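Trainee: Could we go through this one together? I would like to check the reasoning behind each label.

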Amino acid sequence: MALTGRLGLLALLGALVVGLLFPSGTGVLAVVVVLLVLVAVDLALAGSVRTLRFSRTGTSSVRLGESASVTLLVANPGRRPVRGVLRDAWPPSARADDRHRVSVPPGERRAFTTQLSPTRRGDRIAVRVTVRALGPLGLAARQGSHAVPWTVRVLPPFHSRKHLPSRLARLQQLDGRNAVLIRGQGTEFDSLREYVIGDDVRSIDWRATARAADVMVRTWRPERDRQVVLVLDTGRVSAGRVGDAPRLDAAMDAALLLAALASRAGDRVDLVAYDRQVRASVPNSKTLLPSLVNALATVEPSLVETDARGMVAEVLRRTRRRALVVLLTGVEPAALEEGLFPVLGSLTARHEVLLASVADPRVAEMARARGDAEAVYDAAAAERTLADRESAVARLTRRGVGVVDAVPEDLPPALADRYLALKAAGRL
């Protein structure tokens, strides 16, 4: 039972009036007794909250940054109306507009819609539904809570999808519409055409030329059905925040754009998220992008050092032929020295390897600052950090690893461009 503030106010006013009219304690006692009787009667006439029946409908998944609606259906099988307040409680990160005025006549059902504006990826799970049913006089209320399960999965926002149309247009130029004349490991014969000035003489097909009235050249196109393995590092490095989000979120955005582009190119795309164990695994499929988005929604960074040896072993176990392996991790020198460098050779010997890293734009800003002594010291520290990163990138390049190091908003298109460049050069 929950007594309302109205009850206390009435009791105070009643006691004051009776105290003025009847100075003896008998009058005050009589008022208190009357109020208690009214409260008991009001409580007895309040609708039952235990017998209410609940169900839900609405959104089960939403992209981060968008809103979702979940409708709660409340049925009253009792003989008295239920009127009062309802709270549909969700975790704080769901940012739910969860309080509703409720009035459900006996034998009827009402719908109450809760708007969610999630601030984090992952599963947002409904906590409980609490109903406070007031009596006819509003002096007392019955209150009860019910578990009404519902989960809204908050998916990665995939901001980089705005870059996909322009990259697909470039892909079409590589995919036979504008045939390339450079043959490499990842090209296959496309067609013959007449020689024009500027063509590579190495592409002349002498047998076809002998049968034709003009010099004929072979054209080539990038091969399809190549394998691309995206490896998402979910260890300690990915937990560092760049702006308002962890590095992992920016790496996910880059992985999604590359996966969408490579799948449209006809390549097989697999993803594995790893730190000391596999956190998510998505094999190639016809519904690749929805599967990736759904799997990555619940992946969070772990505050542990990534087991680089285990990660490389997992990649080698999954790939039987030469593939493009994209490591979405950091270029922090200390982490690379102890983790990736000792096992990198076994990966580069069998696969084309790219490393994509999220850079912090604040470091470059600090390096340019010269306001006062403190700013100068900060700039010196930032310059040292940038120099260490450049040294790490140079070491990776010497070991045959391509590196894409860019700020969060630039990393997805830069990684996609590097993939297209490898396609054009026939290295896939």
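Mentor: Gladly; what follows is a set of questions and answers on this predicted model.

Trainee: Let's start with salt bridges. How do you know that R121 and D249 meet in a salt bridge?

Mentor: The rule asks for a side-chain nitrogen of Lys or Arg within 4 Å of a carboxyl oxygen of Asp or Glu. The N to O distance for R121 and D249 is 3.0 Å, so the pair meets the rule.

Trainee: And what makes R121 and D249 a pair that ties together parts apart in sequence?

Mentor: R121 lies in the loop between strand 8 (109–116) and strand 9, while D249 lies in helix 6 (residues 247–264), so the contact joins parts that are 128 residues apart.

Trainee: Why is R121 called buried, and why is D249 called partly exposed?

Mentor: Buried means under 20% relative accessible area, and partly exposed runs from there up to 50%. R121 has 5%, so it counts as buried. D249 has 23%, so D249 counts as partly exposed. The two also belong to a network of salt bridges that links R121, D249 and E300.

Trainee: What makes D123 and R153 a salt bridge?

Mentor: Their N to O distance is 2.7 Å, and the cut-off is 4 Å, so they qualify. This pair links distant parts of the chain, with D123 in strand 9 and R153 in strand 12, 30 residues apart. D123, at 29%, counts as partly exposed, and R153, at 21%, is partly exposed too.

Trainee: What separates R317 and E314 along helix 8?

Mentor: About one helical turn, because they are three residues apart in helix 8 (residues 308–318). Their closest N and O atoms are 2.6 Å apart, and they form a salt bridge. E314 has 13% relative accessibility, so it counts as buried.

Trainee: How many salt bridges does the rule give?

Mentor: The count comes to 19.

Trainee: Now R124. How do you know that R124 has no salt bridge?

Mentor: The nearest side chain of opposite charge is E300, at 6.2 Å. A salt bridge has to fall within 4 Å, so this separation does not qualify. R124 is buried all the same, and it lies in strand 9 (residues 122–125).

Trainee: What makes the approach of R124 to S93 a polar contact?

Mentor: The two side chains are 3.2 Å apart, and the limit for such a pair of N or O atoms is 3.5 Å, so the distance fits.

Trainee: Why is N76 called buried?

Mentor: Its relative accessible area is 2%, so it falls in the buried class. N76 sits in the loop between strand 4 (68–75) and strand 5 (82–89). A polar atom of the N76 side chain lies 3.1 Å from the backbone nitrogen of G78. The backbone oxygen of V104 likewise lies 3.1 Å from a polar atom of that side chain.

Trainee: Two residues have an unusual-sounding label. What makes phi of R95 and of F158 worth a remark?

Mentor: Phi is near 45 degrees for R95, a positive value in a residue other than glycine. For F158 phi is near 55 degrees, again positive in a residue other than glycine.

Trainee: Are R95 and F158 buried or exposed?

Mentor: R95 has 56%, so it is exposed, and R95 lies in the loop between strand 5 and strand 6 (96–97). F158 has 3%, so F158 is buried; its place is the loop between strand 12 (151–155) and helix 3 (164–177).

Trainee: On to the surface. Which residues form the nonpolar patch?

Mentor: L29, V33, V37, V41 and L45 form it, with about 420 Å² of accessible area together. L29 lies in helix 2 (residues 25–45).

Trainee: Why is L29 called exposed?

Mentor: Exposed means over 50%, and L29 has a relative accessible area of 54%, so the label holds.

Trainee: How do you know that R142 is open enough for the patch of positive charge?

Mentor: Patch members need over 30% relative accessible area. R142 has 33%, so R142 clears that bar while being only partly exposed. R142 lies in strand 11 (residues 140–146), and it gathers with R50, R79 and R80 in the patch.

Methods:
Residues numbered from 1 in each chain as written. Predicted model: local features only at pLDDT ≥ 70, side-chain atom pairs only at ≥ 80, totals over all residues. Heavy atoms only, no water. Patch = residues over 30% accessible without salt bridge, like charges linked within 9 Å, V, L, I, M, F, W, Y side chains within 5 Å. Areas by Shrake-Rupley, 256 points an atom, 1.4 Å probe, with all protein chains shown as cover. Lys, Arg positive; Asp, Glu negative; His and termini not counted. Charge placed at Lys NZ, Arg CZ, Asp CG, Glu CD. Helix = DSSP H or I, 4+ residues; strand = E, 2+ residues; numbered from the N terminus. Buried < 20%, exposed > 50% of the residue type's maximum accessible area, 1.4 Å probe, protein only. Polar contact = N/O pair within 3.5 Å; in protein donor to acceptor, adjacent residues only side chain to side chain.
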